[in-house]
2 protein chains.
Amino acid sequence: MSNATTRRLPHPELKDVELPAVLFALSDPARLDLVRQLAAQGPLTVAQCQATEPGVPKSTFSHHLKTLREAGLIRNDPAGRQRIVTLRKAEVDERFPALLDAVLSSSPAHPPE
Amino acid sequence: MSNATTRRLPHPELKDVELPAVLFALSDPARLDLVRQLAAQGPLTVAQCQATEPGVPKSTFSHHLKTLREAGLIRNDPAGRQRIVTLRKAEVDERFPALLDAVLSSSPAHPPE
DNA sequence: CCTACTGTTCGATTTGTATCGAACTGTTGG
DNA sequence: CCAACAGTTCGATACAAATCGAACAGTAGG
């Protein structure tokens with residue numbers, strides 16, 4: 001039809017992004033892991049990202065990428081037959097100061113048991 | 001059966017709260033508004049809180065309170081025949097430093113139009 | 001070239017969340 | 001005490017999101 005692997009995908013401007021959308025995108029453990037990985041390891045291909053969450057089908061993973069992208073948190077740009085995923089840190093920091101750092105520096109809970 | 005208006009409600013310890021739960025609780029505009037109001041105006045009765053979101057039925061509002069409470073963000077304590085809702089700011093700040101302040105200080109987007 | 005590869009999109013199913021009316025219960029004012 | 005009040009809980013319905021297989025389309029390596 002129209003779209004394929006290596007197509008230009010729409011990226012919202014951060015000015016147009018609302019906080020609830022960002023918080024929602026980050027509220028899923030798999031997506032949060034991915035953002036953490038991108039923050040730590042810099043731009044990665046989709047396949048490299050996916051290595052973080054093994055056992056997750058490509059379509060599911062791609063859906064998570066879409067959610068993060070539409071929330072303005074990541075870029076997803078074609079590069080040959082792959083795609084490069086980048087955390088939009090500087091832009092997010094300008095739009096929501098201190099938010100990403102707060103999220104990224106948070107530690108896991110020790111369970112209620 | 002068991003429960004009524006003025007009953008002791010369970011409040012999780014912040015140690016046992018996970019970040020995704022907090023982010024999810026804050027990702028709803030109505031709940032975010034409520035947290036903002038509590039931050040600005042201090043402890044309020046449920047009825048006072050509800051004045052923020054007029055037209056919302058009590059049961060719906062109560063459900064939002066439950067979500068925020070289970071995420072460790074607010075307390076909801078009996079007081080006579082009313083209830084006092086309190087933002088657990090200090091505890092949340094200790095568990096997730098800078099997170100609440102980042103959320104509270106964020107400004108609305110000017111829409112894509 | 002043409003085949004294998006990377007990753008998105010589509011469509012269907014399942015799961016979870018939002019919403020709201022109704023029932024219910026401790027509390028207090030008269 | 002009894003009636004009115006404040007809010008939670010329950011149950012049903014509607015809506016949104018997660019998940020996954022299959023189909024698809026550029027790209028590049030042989």
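Me: Starting with the rule: a polar contact is a pair of N or O atoms within 3.5 Å. How far is a polar side-chain atom of R31(B) from a phosphate oxygen of DNA strand C?

Reply: This is a predicted model, and in it that distance is 3.0 Å. The cut-off is 3.5 Å, so the R31(B) pair counts as a polar contact.

Me: Nice. What about the backbone of V46(A) and R83(A)?

Reply: A backbone N or O atom of V46(A) sits 3.4 Å from a phosphate oxygen of the strand. For R83(A), a polar backbone atom is likewise 3.4 Å from a phosphate oxygen of DNA strand C.

Me: Which elements give two or more residues to the surface near DNA strand C?

Reply: From chain A they are α3 (46-50), α4 (58-70) and β3 (82-87), and from chain B it is α4 (58-70).

Me: And which residues come nearest to the strand?

Reply: T5(A), S62(A), N76(A), H63(B) and H64(B), out of 29 residues around it. On the DNA side, 67% of the strand C atoms within 4 Å of the protein belong to sugar and phosphate.

Me: How do the residues of that surface divide by class?

Reply: There are 14 polar, nine nonpolar and six charged residues near DNA strand C.

Me: Switching to the protein-protein side. How much area do chain A and chain B bury between them?

Reply: About 2,000 Å², with 66% of it on carbon and sulfur atoms. Each chain brings 27 residues to the contact.

Me: How many salt bridges and polar contacts go across?

Reply: The salt bridge count between chain A and chain B is zero. Two residue pairs are in polar contact across the interface, both at pLDDT 80 or more.

Me: Which helices of chain A are involved there?

Reply: α1 (19-26), α2 (29-41) and α6 (99-104) each supply at least two residues to the side that touches chain B. α1(A) gives the most, with five residues. By class, that side of chain A has 18 nonpolar, five charged and four polar residues.

Me: Last topic, backbone angles. What is the phi of A98(A)?

Reply: It's positive, about 75°, although A98(A) is not a glycine. Most residues other than glycine have a negative phi. A98(A) lies in the loop between α5 (89-95) and α6 of chain A, and it is partly exposed at 39% relative accessible area.

Me: Where is A98(B), and what is its phi?

Reply: A98(B) is in the loop between α5 (89-95) and α6 (99-104) of chain B, with a positive phi near 75°. Its relative accessibility of 38% makes A98(B) partly exposed.

Technical notes: Residues numbered from 1 in each chain as written. Chains lettered and ligands numbered in written order. Predicted model: local features only at pLDDT ≥ 70, side-chain atom pairs only at ≥ 80, totals over all residues. Heavy atoms only, no water. Contact = heavy atoms within 4.5 Å. Buried area = accessible area lost by both parts, 1.4 Å probe. Salt bridge = Lys/Arg side-chain N within 4 Å of Asp/Glu carboxyl O. Polar contact = N/O pair within 3.5 Å; in protein donor to acceptor, adjacent residues only side chain to side chain. Helix = DSSP H or I, 4+ residues; strand = E, 2+ residues; numbered from the N terminus. Nonpolar A, V, L, I, M, F, W, Y, C, P; charged D, E, K, R; others polar. Near = heavy atom within 4 Å. Buried < 20%, exposed > 50% of the residue type's maximum accessible area, 1.4 Å probe, protein only.
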